[in-house]
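Trainee: Could you take me through the ligand site of this model in detail, together with whatever surrounds it? I should like one connected account.

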Amino acid sequence: MSDALSAGLPQPSAERLAGDLRALEAFTRPDRPYTRRAFSDEDRSARQWLTGRMVEAGLGPAVDAAGNQIGRRAGARPGPALVIGSHLDTVEAGGRFDGIAGVLAGLEVARCLDAGGHRLEHAFEVINFTCEEPSDFGLSTIGSRAMSGKLDGATAARLRDRQGRSLAAAIDSVGGRGAELDTARRAPGDVLRYLELHIEQAVSLDRAGLPLGVVTTIAAPSRYRVAVRGRQDHAGGTPMADRRDAVAAAAELVLLVERLAREAGRGMVGTVGFIEARPNMINIVPGEADLLVDFRGIDPAAIAETLGRFETGTAEIAARRRVAIEWTSLMRDAPLTVAPEMVAAVETAARALGIPHRRLTSGASHDANHVASLCPIGLLFIPCREGRSHCPEEWAEATHLATAAQVLLEVLLRLDRDLA
Ligand code: GLV
Ligand code: MN
Ligand code: MN
């Protein structure tokens, strides 16, 4: 700890972070812990809570046109900001740490700066990005996409959820201004460096007993909506040879996704996480099935190959089973190699604090993937128990969160000192 710049400042507190985690876990759909979907009442309540904590931490709170909550602390000089961010929205029956850990760590860093009366040279921002998790609009990472210029107002006005509400209206409901979405875009010169802390959502740190991971590569999702249209018939009277069963075709699609990801290797994974059959009745051969397909990878060649095989594979199943299969590409994001300077910055800070760490890759995607088109990003992981995530059992230790927040603070101070 001897050459740590943060040694003279108040340190992140595990007790305070544990209290914040408890406060946030209360903002859940009561029948489904821990569920705080973007644009819901729970999301709005959590945002309100965060605004209060930002003010207490000396951050000036604001909401941009995309609904991103931005707490800002002025620097000694004008110019681009150093930013820490993540998200407070969750998946269905998700966890208490995914995204939340990163926002709280940013808040805790702000508290340490504030309590120590430390003025940074650069402006400092803590961001809660809007809707990092998948939405009914077919998109995820909505706030960071908009901030990095990959989602415009026209698209937000066009995309609809099942109730027919536009994404622009959903953004309005959390304090954004959907009609002015384009103004959420920031110029590359506006953000100096971006840091995000996240739970690993895989098991390597927990297994190794290490408190910190430094991410070198981040996988990216490619997603499809698939509509299978067969023929609805009587389950008793229709001979097997005459059927055009949409669910049987969907079952083949599920296995196709699994087989392609396995055969691709090179870190590819594939999941069908959503399937809906109609009419969904025991004595009816199903006429329709809808699926959502998610492929991830870090190797661009493996991704391209797998997606190509998936698209031709759907045509083969459709022809053989005499059903129509139509797919729509929802997103095709690019994997990210983290800038070596940022990997080194995090490692140097961890070393200065004597915190053991290792390099690793991220299978999950993050707001950092998009912010990377604005400035170099750094991504830090803390262990989560047995690698479990996107489930109610997701668990991370507040002590690990405080340790990683200490590293964040140290990186921040070093970047502030070293960058023009
Ligand atoms: C975010 O949770 C993701 O799907 O990677
Ligand atoms: Mn998630
Ligand atoms: Mn997340």
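Mentor: By class, the shell around ligand 1 comprises 4 charged residues, 2 polar residues and 1 nonpolar residue. In this predicted model, the residues that make up that shell are Glu-132, Glu-133, Arg-223, Arg-296, Ala-364, Ser-365 and His-390.

Polar contacts to the oxygen atoms of ligand 1 come from several of these residues. Glu-133 places a polar side-chain atom 2.9 Å from an oxygen atom of the ligand. Ser-365 contributes through its backbone, where a polar atom is 2.9 Å from an oxygen atom of ligand 1. His-390 uses its side chain, with an N or O atom 3.0 Å from an oxygen atom of the ligand. On its own, ligand 1 has 190 Å² of accessible area, and the protein covers 95% of that area.

Glu-133 and His-390 also lead to the metal site. Together with Asp-98, they are the protein donors of the manganese ion that is ligand 2, through OD of Asp-98, OE of Glu-133 and NE2 of His-390, at 2.0 to 2.2 Å from the ion. Along the chain, the donors of this manganese ion follow the spacing D-x34-E-x256-H. Asp-98 is located in the loop between strand E3 (81-86) and helix H3 (100-115), while Glu-133 is in the loop between strand E4 (123-128) and helix H4 (142-147), so this pair ties together parts of the protein that are 35 residues apart in sequence. Asp-98 and Glu-133 are both buried.

Asp-98 then carries the description to the other manganese ion. It coordinates both ligand 2 and ligand 3, and these two manganese ions are 3.7 Å apart. For the manganese ion that is ligand 3, the protein donors are NE2 of His-87, OD of Asp-98 and NE2 of His-198, lying 2.1 to 2.2 Å from the ion. The sequence spacing of these donor residues is H-x10-D-x99-H. Here, too, distant parts of the chain are linked by a pair of donors: His-87 belongs to the loop between E3 and H3, and His-198 belongs to strand E5 (residues 191-199), with their positions 111 residues apart in the numbering. Both histidines of this pair, His-87 and His-198, are buried.

Read as a whole, the site can be followed from residue to residue. Glu-133 and His-390 are among the residues around ligand 1 and are also donors of the manganese ion in ligand 2. Asp-98 in turn coordinates that ion and the manganese ion in ligand 3.

Conventions: Residues numbered from 1 in each chain as written. Chains lettered and ligands numbered in written order. Predicted model: local features only at pLDDT ≥ 70, side-chain atom pairs only at ≥ 80, totals over all residues. Heavy atoms only, no water. Near = heavy atom within 4 Å. Polar contact = N/O pair within 3.5 Å; in protein donor to acceptor, adjacent residues only side chain to side chain. Areas by Shrake-Rupley, 256 points an atom, 1.4 Å probe, with all protein chains shown as cover. Nonpolar A, V, L, I, M, F, W, Y, C, P; charged D, E, K, R; others polar. Donors = N, O, S within 2.8 Å, 3.2 Å for Na, K, Ca; no water. Helix = DSSP H or I, 4+ residues; strand = E, 2+ residues; numbered from the N terminus. Buried < 20%, exposed > 50% of the residue type's maximum accessible area, 1.4 Å probe, protein only.
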